[in-house]
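Visitor: I am new to this structure. Please walk me through it, and tell me how each label is earned.

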There are 2 protein chains.
Amino acid sequence: MEIPIELDHGSRQSLQGQIFEQFRRLILGGRLKPGTPVPASRALAEQLGASRNTVLLVYDRLIAEGYLQAREAIGTYVSFDLPETCLAASRPVATPSPDQVETSGCLAIPFLGRAQAVVSARRLAFDFWLGRPDPHSFPIKTWRRLINKALATAGARLTEYRDPGGLPELREAIAEHLGAARGISVSPEQVIITAGSQEGLNLVARLFVRDGTLVATENPCYQGAAFLFESYCAKLVPVPVNEAGLNVEQLPKDGVMLVYVTPSHQYPMGFTLSLERRLKLIDWARRCGAYIVEDDYDSDFRYRGSPLTALMGLDEHGCVMYLGTFSKSIGAGLRLGYLVVPKALAQAARTVKALLDNGHPWLDQAVMGEFIRSGCYANHLRRIRHLYSERRDCLVEELRRHFGDVRLSGLESGMHLAWHLPEHYPSASELQNLALRQGVGIYSLGSGAAYDYGGCDYSGRTVVLGFSSLDEYQIRAGIQRIADALAGLPASPALPVATY
Amino acid sequence: MEIPIELDHGSRQSLQGQIFEQFRRLILGGRLKPGTPVPASRALAEQLGASRNTVLLVYDRLIAEGYLQAREAIGTYVSFDLPETCLAASRPVATPSPDQVETSGCLAIPFLGRAQAVVSARRLAFDFWLGRPDPHSFPIKTWRRLINKALATAGARLTEYRDPGGLPELREAIAEHLGAARGISVSPEQVIITAGSQEGLNLVARLFVRDGTLVATENPCYQGAAFLFESYCAKLVPVPVNEAGLNVEQLPKDGVMLVYVTPSHQYPMGFTLSLERRLKLIDWARRCGAYIVEDDYDSDFRYRGSPLTALMGLDEHGCVMYLGTFSKSIGAGLRLGYLVVPKALAQAARTVKALLDNGHPWLDQAVMGEFIRSGCYANHLRRIRHLYSERRDCLVEELRRHFGDVRLSGLESGMHLAWHLPEHYPSASELQNLALRQGVGIYSLGSGAAYDYGGCDYSGRTVVLGFSSLDEYQIRAGIQRIADALAGLPASPALPVATY
């Protein structure tokens with residue numbers, strides 16, 4: 001059987017990535033039906049002019065992600081129980097007419113997409129899951145007070161539609177906060193209130209992405225961004241990261257419409273984009289007419305040195321959009337964030353938001369606006385920044401105590417760090433599984449809400465650990481258990497390696 | 001100058017509609033630059049093989065909507081001040097390379113869209129604006145009590161991400177409510193909590209609409225739906241309505257992916273889709289593999305007879321999606337609604353919602369769930385249904401008292417009615433302007449959040465009046481002022497005409 005896959009040898013995406021993506025789409029689109037055996041790796045390699053090893057790696061990944069199943073004696077075939085939702089979304093159609101051959105029998109929906117993992121899959125006693133604020137730090141008393149105050153003067157604001165861009169008081173408070181905290185000088189009209197940064201990303205995607213639009217992202221990058229752009233049929237362009245963040249030199253010279261970056265604390269690696277690269281990135285965007293999406297998801301937590309000015313604060317050409325969220329600094333259950341756009345895009349972004357959902361709930365906005373204006377937000381940030389820095393110190397200390405001079409990144413800020421495992425350790429997924437058996441959640445990149453295009457230096461040997469939602473007892477006990485699990489292995493526990 | 005417009009004489013869209021849409025896109029896409037003179041109507045008519053009158057009507061509409069400007073002695077040209085947002089969203093690009101000729105000088109974003117009008121443009125003393133609940137009926141005391149109760153036991157729910165589909169308790173409460181109120185039997189997993197029905201529509205669009213997807217709607221229809229599908233580059237197919245609702249016989253025989261309908265109280269005309277047509281519509285969808293989007297925006301208010309079972313309650317083939325909202329029954333400021341999908345689509349809809357915004361705020365959902373479960377919602381509905389029926393009676397009485405046996409539609413349910421003006425009255429927009437000068441807001445279809453494809457029987461001679469947010473004094477005074485305004489005209493005030 002010939003599989004209709006076409007490789008673009010000029011593409012920046014690896015052959016492996018291209019084969020994987022096209023295979024996945026053939027399966028999800030129903031062109032390869034459940035139960036269909038796949039060609040032998042040698043045959044497919046020959047057909048595509050790729051190495052057999054590449055094809056084997058793709059098959060491994062398709063099996064790992066649940067698209068294919070392999071059975072001794074039977075061989076490898078398309079799974080009956082697919083990991084996504086699209087094939088399920090077909091229903092019988094009666095009496096197909098002759099010109100309906102394509103869809104006869106079932107009507108597939110055109111949507112192809114997968115959801116990012118933002119919720120930890122299991123309830124574990126010691127779960128270093130990522131991006132979760134401390135559950136006990138929610139300012140519940142203040143919140144209750146501000147809600148009751150807002151309700152007392154609500155008037156018609158609970159029954160009426162308002163500006164879809166958001167409550168003016170909140171937009172103003174955010175604009176002011178951004179000036180002081182991130183060096184960004186914007187007017188309130190440029191701030192669009194969103195349901196978390198995911199909705200902000202959606203506004204961006206709706207503004208810019210059509211079938212085949214080139215969107216560059218860090219590799220590895222945040223899953224919620226990659227999956228979203230993918231669901232809009234963007235063509236994703238992976239760009240490697242290293243200790244100084246996105247490797248700007250490796251961006252394509254043209255053709256890219258958007259580049260998505262996490263400069264404060266690269267997700268998932270925790271790197272900070274250097275000032276030199278920030279300026280280069282803006283220059284690149286200016287030269288080739290691209291827009292930068294700056295996701296500043298956890299910049300509120302800076303533990304060492306002073307924060308670098310946000311890209312949007314450095315930009316003089318109106319080519320940066322800035323995503324902020326209160327999900328990390330206050331609580332994800334609020335579903336509150338914002339998108340800041342250049343002046344020229346403000347009206348269009350407001351239109352997209354109107355079409356999306358006519359704006360955000362009034363009460364939540366009123367309370368948040370007052371929370372910031374009254375200074376409670378600044379106090380809250382100070383308090384939890386201190387708490388998280390203690391937790392980070394505790395985690396680093398425990399890792400060093402058990403595993404020696406561990407190589408870590410992402411310590412300067414944020415809510416998680418990345419642990420680079422030395423060569424003689426089990427791989428990231430093996431360690432994750434070992435820990436899981438002890439009731440401890442630590443995460444390889446792919447299972448830690450990151451998207452790994454493959455071919456990235458960090459894939460196999462990095463685990464990520466969130467520390468913001470665990471108290472020091474849980475951190476100590478969790479790391480102890482990992483050490484116990486590793487001690488059961490022949491490998492020696494540690495070797496001195498340079499720390500970033 | 002040859003304008004690149006291509007007409008499809010086999011299309012169900014009128015030639016006028018086709019020319020208008022293509023012209024609009026040429027302008028918004030920047031192909032026709034501000035200041036460009038348009039061809040003489042005779043020349044364009046010749047080029048297109050259309051009548052000169054058709055072209056003149058298109059030019060009139062483009063001028064009315066602000067795309068073109070006409071100046072004595074200069075002629076008609078593309079406006080410098082366009083009504084939409086896309087051209088504004090361009091920014092200079094430095095040093096364009098030779099292969100960037102297309103975008104050199106400015107980079108336009110691909111988004112083409114316009115926002116629906118959900119907020120009345122002016123603050124008027126007597127504003128019969130549509131779809132607005134009574135501002136004094138918001139159950140504020142109960143709401144405050146339920147919020148404080150929910151906050152007392154919030155635990156980690158304010159800080160954590162949860163199921164993007166929504167809070168299980170709320171989904172269950174809605175599923176139960178729909179069974180009793182609308183004859184719809186669904187499981188909670190089929191209910192996705194959304195930010196009002198506009199977000200529900202977005203989920204539908206993301207699931208089904210790609211460039212060129214055929215989406216049928218009523219003509220005239222709700223602007224928020226038409227503009228949304230249009231922004232996803234759907235090809236809209238208008239289908240006429242009459243007193244029995246959507247004229248199912250006039251649906252295309254195939255090729256349509258979605259049909260958007262408002263069966264309980266057609267927006268804007270107020271007609272109820274007859275049971276016979278409901279069954280025919282479902283049968284049509286089953287036969288040609290289309291899906292029906294049932295927008296039941298104000299079905300909570302039924303004043304005469306018992307409500308017809310919702311399309312989703314009649315559907316045995318899984319071809320109906322149902323949009324519900326609390327914006328009309330409680331308050332638009334809550335931004336809370338839901339989309340109910342067939343079982344086969346539940347997983348995909350949940351994925352789209354996750355990608356869209358990771359789910360709805362927890363507190364709002366918890367409060368609404370308890371509001372329904374505790375019976376407060378049923379009581380609230382009973383109370384405001386009574387209130388609105390009194391207001392409707394008052395409005396009808398006043399209209400009859402001043403204008404005789406007026407021809408009205410949409411009396412059986414909902415929050416607004418349509419007034420069909422007799423031949424000798426001023427046109428709908430003239431009457432709207434007359435009223436406006438008296439401080440009274442009444443609305444022609446196009447200015448009343450409706451979308452009129454043109455060619456609809458009701459366009460010029462229907463005004464719509466919302467009555468739910470005005471008290472009886474305001475209603476009486478408002479209608480009195482319209483009568484005063486009309487009395488200043490030579491036309492006689494009324495003629496006896498049959499009431500629907």
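Guide: Let us begin in a loop of chain A. A:Pro220 lies in the loop between β5 (214-219) and β6 (221-222) of chain A. Keep in mind that this is a predicted model.

Visitor: What makes the peptide bond from A:Asn219 to A:Pro220 cis?

Guide: Its omega is near 0°. The peptide bond from A:Tyr267 to A:Pro268 is also cis, with omega near 10°.

Visitor: Where is A:Pro268 found?

Guide: In the loop between β9 (256-261) and α8 (275-288) of chain A.

Visitor: What is there to say about the phi of A:Arg335?

Guide: A:Arg335 is not a glycine, yet its phi is positive, about 50°. This residue sits in the loop between β11 (320-325) and β12 (337-340) of chain A.

Visitor: Now the two chains. Why speak of a two-fold axis here?

Guide: Chain A can be laid on chain B by a turn of 180° and a shift of 0.0 Å along the axis. The RMSD of that fit is 0.1 Å. Such a relation is that of a two-fold axis.

Visitor: How do you know that the same surface serves both copies?

Guide: Of the contact residues of chain A, 100% recur in chain B. In number, 93 residues of chain A are in contact with 93 residues of chain B.

Visitor: How much area do chain A and chain B bury between them?

Guide: About 7700 Å². Carbon and sulfur atoms carry 57% of it.

Visitor: Why are α4(A) and α4(B) called roughly antiparallel?

Guide: Helix α4 (residues 140-152) of chain A packs with helix α4 (residues 140-152) of chain B at an angle of about 175°. Angles over 145 degrees count as roughly antiparallel. The two helices α4(A) and α4(B) therefore earn that label. Their axes are 11 Å apart.

Visitor: Which residues meet there, in α4(A) and α4(B)?

Guide: In α4(A), they are A:Ile140, A:Arg144, A:Ile147, A:Asn148, A:Leu151 and A:Ala152. Facing them in α4(B) are B:Ile140, B:Arg144, B:Ile147, B:Asn148, B:Leu151 and B:Ala152. The residues of this contact divide into eight nonpolar, two polar and two charged.

Visitor: And what makes α10(A) and α6(B) roughly perpendicular?

Guide: The axes of helix α10 (residues 343-357) of chain A and helix α6 (residues 196-208) of chain B cross at roughly 90°. The label covers angles from 65 to 115 degrees. So α10(A) and α6(B) are roughly perpendicular to each other. Their axes come within 5 Å.

Visitor: Which residues of α10(A) and α6(B) meet?

Guide: A:Ala354, A:Leu355, A:Leu356 and A:Asp357 in α10(A) meet B:Gln198, B:Glu199 and B:Asn202 in α6(B). They divide into three nonpolar, two polar and two charged.

Visitor: How do you know that B:Glu160 and A:Arg132 meet in a salt bridge?

Guide: The N to O distance between their side chains is 3.7 Å. The cut-off is 4 Å. The pair B:Glu160 and A:Arg132 thus counts as a salt bridge. Across the interface of chain A and chain B, the rule finds four salt bridges. Over all chains, a search of the whole structure finds 48.

Visitor: What makes B:Glu230 and B:Arg24 a link between distant parts of the chain?

Guide: Their side chains meet in a salt bridge at 3.2 Å, N to O. B:Glu230 is in helix α7 (residues 223-231) of chain B, while B:Arg24 is in helix α1 (residues 15-28) of chain B. They are 206 residues apart.

How values were computed:
Residues are numbered from 1 along each chain as its sequence is written. Chains are lettered from A and ligands numbered from 1 in the order in which they are written. This is a predicted model: local features need pLDDT of at least 70, side-chain atom pairs count only at pLDDT 80 or more; totals for chains, interfaces and linings use all residues. Side-chain values use heavy atoms; hydrogens and water are left out. Axes are lines fitted to C-alpha atoms, for helices over the stretch in contact, and angles run from 0 to 180 degrees between N-to-C directions. Helices (H or I, at least four residues) and strands (E, at least two) are DSSP runs, numbered from the N terminus. Angles under 35 degrees count as roughly parallel, over 145 as roughly antiparallel, 65 to 115 as roughly perpendicular and the rest as oblique. Contact means heavy atoms within 4.5 Å. Ala, Val, Leu, Ile, Met, Phe, Trp, Tyr, Cys and Pro count as nonpolar, Asp, Glu, Lys and Arg as charged, and the others, Gly among them, as polar. Copies are superposed by least squares on the C-alpha atoms of residues with pLDDT of at least 70 in both. Buried area is the accessible area (1.4 Å probe) that two parts lose on being put together, summed over both.
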